Amino acid sequence: MTQGKVILPGSTIGILGGGQLGRMMALAGRQMGYRFVTLDPVEDGPCGQVADEQIIADYDDFKAGGKLAELADVITYEFENVDASVADMLFNKSYVPQGSQLLYTTQHRLREKTAIEAANVPVAPYVEIKTEQELTEAVERFGVPCVLKTAVGGYDGKGQWVIRSIQEISEAFNTLSKAKTDLVLEKFIHFEKELSVVAARNIDGQVSTFPVAENIHVDNILHTSIVPARINEEIQDRARQLATNIATSLNVIGLIAVEMFYTKDGELYVNELAPRPHNSGHYTMDACHTSQFEQHIRAICNLPLQPTELICPVVMVNILGEHVDPLLKWMNQNGQSSNQDLIVKVHLYGKKEAKVKRKMGHINLLTTNIDQALEWIDNTGIWEKKYLSKKEGALL
């Protein structure tokens, strides 16, 4: 196999986007000797604070995109909803090893599901919806509950409607139709656990996966990731293999996060893909031999991928806007765990305004006992206790 282009340290990496994923990407790459330039409309944003240079402009600004192409030896992105016209310009004028096809696929739920099935990976039963009558027929076929989603856009539960009765069909269709995009109805999967696997693939085709995370959501926003996931090794191996199949089939360069449902009868269904570093992979920063952010830099620069083994068990817990003040109060009063078997690693993203439900940071709890970490989350007062059941990780 012919070796692909290698981007060595000392080169400049351009990041389209200026949020926390870009920030952590840049911090990991700077340790390796890379320089960074970011394009983002927010001055002094999370990535801009640690980059060598920031281009302050909207993402659909062609002139700004051209400047990014001039300054960078390689370009990556930290979110998938990249403006299509600017993306095309960058792909034509600069070196974007991730290419445009993966973005095209993952920006649309129907295309994404088709691609997942083409990788011989199972997804929940689904159907495209064009009319209210089609929705009514599909709901009758799938039964309730089922989930109506917009095919484009939507994250952290946005652009979705869980239909729990026939009476909701008309309102659900009329509400989501306002987005002026395709709609897709998915059969509701009664899952035991939500899982995710972050996979990396470099230009030469080397693939590596990180340990399986068990994810717990609150109000459709990721709250905690528990690693190793509380499932048997056979299921963990199968989940990592599914992520490998997807990364290979879709010719991924960089990272792809594969979110899955694990059912009571032992089945795995892939729910969603994200072609970038992922919130559920933040635990890797402190608990793995290589972080997801360093692995992403290595993949797009075509360096050998590094080992991903878990150093110790870990629980990642998100810091949202409403958690910042109690976290800072805790840090001012104590700032460490009284349990010597629990190491608390705080990561804040440098965002100026702590809005409710806005992701402001995360904490990695390194531990020898997962239950101890979950108890710490309950007992600090930073998060509401109702969020976790220590035995099952279910919402209460």
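**Figure 1. Strands β1 and β2 of the predicted model.** Strand β1 (residues 12-16) and strand β2 (residues 35-40) run parallel and are joined by five bridges. The structure shown here and in the other views is a predicted model. Gly14 has Val37 of β2 as its bridge partner.

**Figure 2. The open sheet and its edges.** The sheet is built from four strands, in the order β3-β2-β1-β4, and it is open. The pairing of these strands is parallel. The edges are taken by β3 (53-56) and β4 (74-77); each has a single partner strand, so one side of each is left without a neighbour in the sheet. On average, neighbouring strands are turned by 20° against each other, direction ignored.

**Figure 3. Helices α2 and α10 on the sheet.** Helix α2 (residues 62-71) packs on the sheet and touches β1, β2, β3 and β4. The direction of α2 makes about 160° with that of β3. Helix α10 (residues 292-300) lies across β1, β2 and β4. With β4, the angle of α10 is about 135°.

**Figure 4. Surroundings of Ser94.** Ser94 is placed in the loop between α3 (84-93) and α4 (101-106). The relative accessible area of Ser94 is 17%, and the residue counts as buried because this value is under 20%. A polar atom of the Ser94 side chain lies 2.6 Å from the backbone oxygen of Leu90. Leaving aside neighbours within four places in sequence, Ser94 is in contact with Ala69 and Ile75.

**Figure 5. Helix α5 and the residue Asn120.** Helix α5 covers residues 109-118. Buried residues in this helix are Arg109, Leu110, Glu112, Lys113, Ala115 and Ile116. An α-helix has 3.6 residues a turn, so residues three or four places apart point the same way. Asn120 follows α5 and has a positive phi, near 65°.

**Figure 6. The second largest pocket.** The volume of the second largest pocket is about 320 Å³. Its lining consists of 15 residues. Met24, Leu27, Ala28, Gln31 and Met285 are the lining residues that lie nearest the centre of the pocket. Two or more residues of the lining come from each of α1 (20-32), α9 (284-287), α10 and β16 (342-348). Of the elements, α1 gives the most to the lining, with six residues. Helix α10, shown in Figure 3 across β1, β2 and β4, is also among the elements that line this pocket.

Note on methods. Residues are numbered from 1 along each chain as its sequence is written. This is a predicted model: local features need pLDDT of at least 70, side-chain atom pairs count only at pLDDT 80 or more; totals for chains, interfaces and linings use all residues. Side-chain values use heavy atoms; hydrogens and water are left out. Buried means under 20% relative accessible area, exposed over 50%, partly exposed in between (1.4 Å probe, protein chains only). A polar contact is a pair of N or O atoms within 3.5 Å; within protein, one must be able to donate a hydrogen and the other to accept it, and residues adjacent in sequence count only if both atoms are side-chain atoms. Contact means heavy atoms within 4.5 Å. Two strands pair if DSSP finds at least two bridges between them. Axes are lines fitted to C-alpha atoms, for helices over the stretch in contact, and angles run from 0 to 180 degrees between N-to-C directions. On a 1 Å grid over the protein atoms alone, a cavity is a set of points where a 1.4 Å probe fits but cannot get out, and a pocket is an open set with protein on both sides within 12 Å along at least five of seven lines; lining residues have an atom within 4 Å of a point. Grid points are joined across faces, edges and corners, and a volume is the space filled by probe spheres set on the points.
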